[in-house]
Amino acid sequence: MTTSLPLFTVTLGTDAELASKIAAGLQSGAYELIGGVVRDTGSKRIVAWLRQVGHIAPAALPTSVMGPLAFQALIASTSLLTLGVTVIGFALMRKHLDTIAKDIASIKQTLERMERKLDLSLDAKVRTALDLARRAFEMHDPVNRRDHAHQAATMFLEAEHYYRSLLDAEYGEGGWLIAPLLKTLTLARVGAARCYLGLGETAAARSLLGEGYRMLEPYVQRWFDATIGVRPALLLHPGTSVSLGRLTLLTRWRRNDPALTIPSVFEELRADLWKSAVQDINQWRQPFPPVLREDPEVTPLDWALHREKITTRFLARLADTCTQIETVYAAVRCIEGYRLELEQIERMGLSPDELDQQCALLSSDSALIVHVPKDSELARHVIV
């Protein structure tokens with residue numbers, strides 16, 4: 001059995017005791033957050049999981065209650081996906097795809113100055129699958145709905161193969177398109193799983209999510225290693241505005257070490273931090289991929305007279321890359337969180353739709369719902 005209650009609502013505020021217990025466990029590394037699933041680091045048992053209801057955003061949570069690492073993890077987890085596998089709908093995916101399209105259009109302008117052509121219809125395959133999936137679940141005839149939903153799921157997975165081939169090539173082409181391709185791949189996999197989930201085929205959806213996580217995580221790890229992992233101390237330069245907490249969270253994910261602390265990361269970077277303060281940062285650019293190392297807007301005159309401009313632009317691109325990796329890494333972890341969530345829902349003897357109905361009854365307000373299993377160590381902090 002599981003107890004469900006609002007952890008945070010817009011009008012009533014936060015269940016401070018329970019939220020602080022979760023946050024303390026995440027901060028110390030006793031717990032790890034995978035999407036919306038809070039899991040004991042040692043035993044891997046689920047101690048709680050979070051779901052969004054209405055238009056609640058984790059950014060509305062008070063940082064003083066959640067703590068910096070838990071707060072940042074929740075923000076990152078909802079940048080591309082949502083907390084709750086049934087919360088992410090096709091309309092929201094389409095909205096995110098529109099944002100990705102704008103990013104691709106901006107990248108196209110940069111690549112044209114480097115005489116590299118880019119097809120702006122990169123997202124067409126997933127966009128077509130999204131439209132078909134949306135229409136499928138608007139159909140009243142169950143046979144037509146099932147046929148069209150299966151067709152949409154197939155289109156999502158076919159699109160995924162296409163984007164994977166582009167992604168594999170992009171690692172050798174400079175890395176300009178890696179972030180939008182990873183985001184599109186993530187949406188394609190979640191879209192396929194949502195089609196099966198909408199048909200009540202939970203086992204198939206869970207299998208797709210597990211496969212997607214295993215497929216996507218190595219791509220994100222490779223991109224982390226080629227960018228953030230080259231000179232992590234540079235991320236802490238004032239010109240990036242990246243906090244030590246954010247870098248610690250990303251390093252936790254990359255090393256799969258939830259217990260990694262902010263002070264320990266600082267100690268690892270102490271020597272390079274000192275070097276970056278006294279050396280010309282432009283000397284550190286060479287090991288980075290072309291997307292960070294090369295700048296088509298920089299002229300030979302800039303190298304001679306405006307080196308500060310070059311440094312500023314480089315640090316801005318490094319900060320943006322950090323944000324992109326943070327978003328994609330969190331989204332990939334959300335996929336694994338969705339799989340864990342479906343397993344937990346099945347243990348409860350419910351369908352995802354039935355759980356959605358229960359959550360809607362818990363709060364008429366926009367809320368962040370927490371589900372606490374009866375055998376969880378957090379159960380004693382729940383007041384019902």
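1. Lining of the largest cavity. In this predicted model, the residues that line the largest cavity divide into 9 nonpolar, 1 polar and 4 charged. That makes 14 lining residues. Five of them lie nearest the centre of the cavity: Glu32, Leu33, Leu249, Arg252 and Trp253. The space inside comes to about 160 Å³. Which elements give two or more residues to this lining? They are β3, α3 and α9, the last spanning 244-255. In total, the model has 4 cavities of 30 Å³ or more.

2. Strand β3. Start with the strand that holds Glu32 and Leu33. β3 covers residues 31-34. Are its faces covered or open? Both are covered. Tyr31 and Leu33 are buried on one side. Glu32 and Ile34 are buried on the other.

3. The hairpin. β3 pairs with strand β4, residues 37-40, in the antiparallel sense. The pairing runs over 4 bridges. Look across from Leu33 and you find Val38 of β4. Between the two strands of the hairpin sit 2 residues. Gly35 takes a positive phi there, near 65°.

4. Helix α3. This helix also contributes to the cavity lining. It runs over residues 68-77 and is mostly covered. How many of its 10 residues are buried? The count is 8. Among them are Leu69, Phe71 and Leu74, along with Gln72 and Ser77. Three alanines, Ala70, Ala73 and Ala76, are buried as well.

5. Thr327. Keep Ala76 in mind and move to helix α13, residues 307-347, where Thr327 is placed. Why does Thr327 count as buried? Its relative accessible area is 11%, so Thr327 falls under the 20% cut-off. Leave aside the neighbours within four places in sequence, and Thr327 is in contact with Ala76, Ser79, Leu80 and Lys183. Ala76 itself is one of the buried residues of α3.

6. The whole chain. Now step back. The secondary structure comes to 14 helices and 6 strands. Of the 384 residues, 54% count as buried. What share of the contacts with a separation of 6 or more joins residues 24 or more positions apart? The share is 72%.

7. The surface. The protein chain exposes about 16800 Å². Carbon and sulfur atoms supply 53% of that area.

Note on methods:
Residues are numbered from 1 along each chain as its sequence is written. This is a predicted model: local features need pLDDT of at least 70, side-chain atom pairs count only at pLDDT 80 or more; totals for chains, interfaces and linings use all residues. Side-chain values use heavy atoms; hydrogens and water are left out. Buried means under 20% relative accessible area, exposed over 50%, partly exposed in between (1.4 Å probe, protein chains only). Contact means heavy atoms within 4.5 Å. Accessible areas come from the Shrake-Rupley method with a 1.4 Å probe; for residues, only the protein chains shown count as cover. Two strands pair if DSSP finds at least two bridges between them. On a 1 Å grid over the protein atoms alone, a cavity is a set of points where a 1.4 Å probe fits but cannot get out, and a pocket is an open set with protein on both sides within 12 Å along at least five of seven lines; lining residues have an atom within 4 Å of a point. Grid points are joined across faces, edges and corners, and a volume is the space filled by probe spheres set on the points. Ala, Val, Leu, Ile, Met, Phe, Trp, Tyr, Cys and Pro count as nonpolar, Asp, Glu, Lys and Arg as charged, and the others, Gly among them, as polar.
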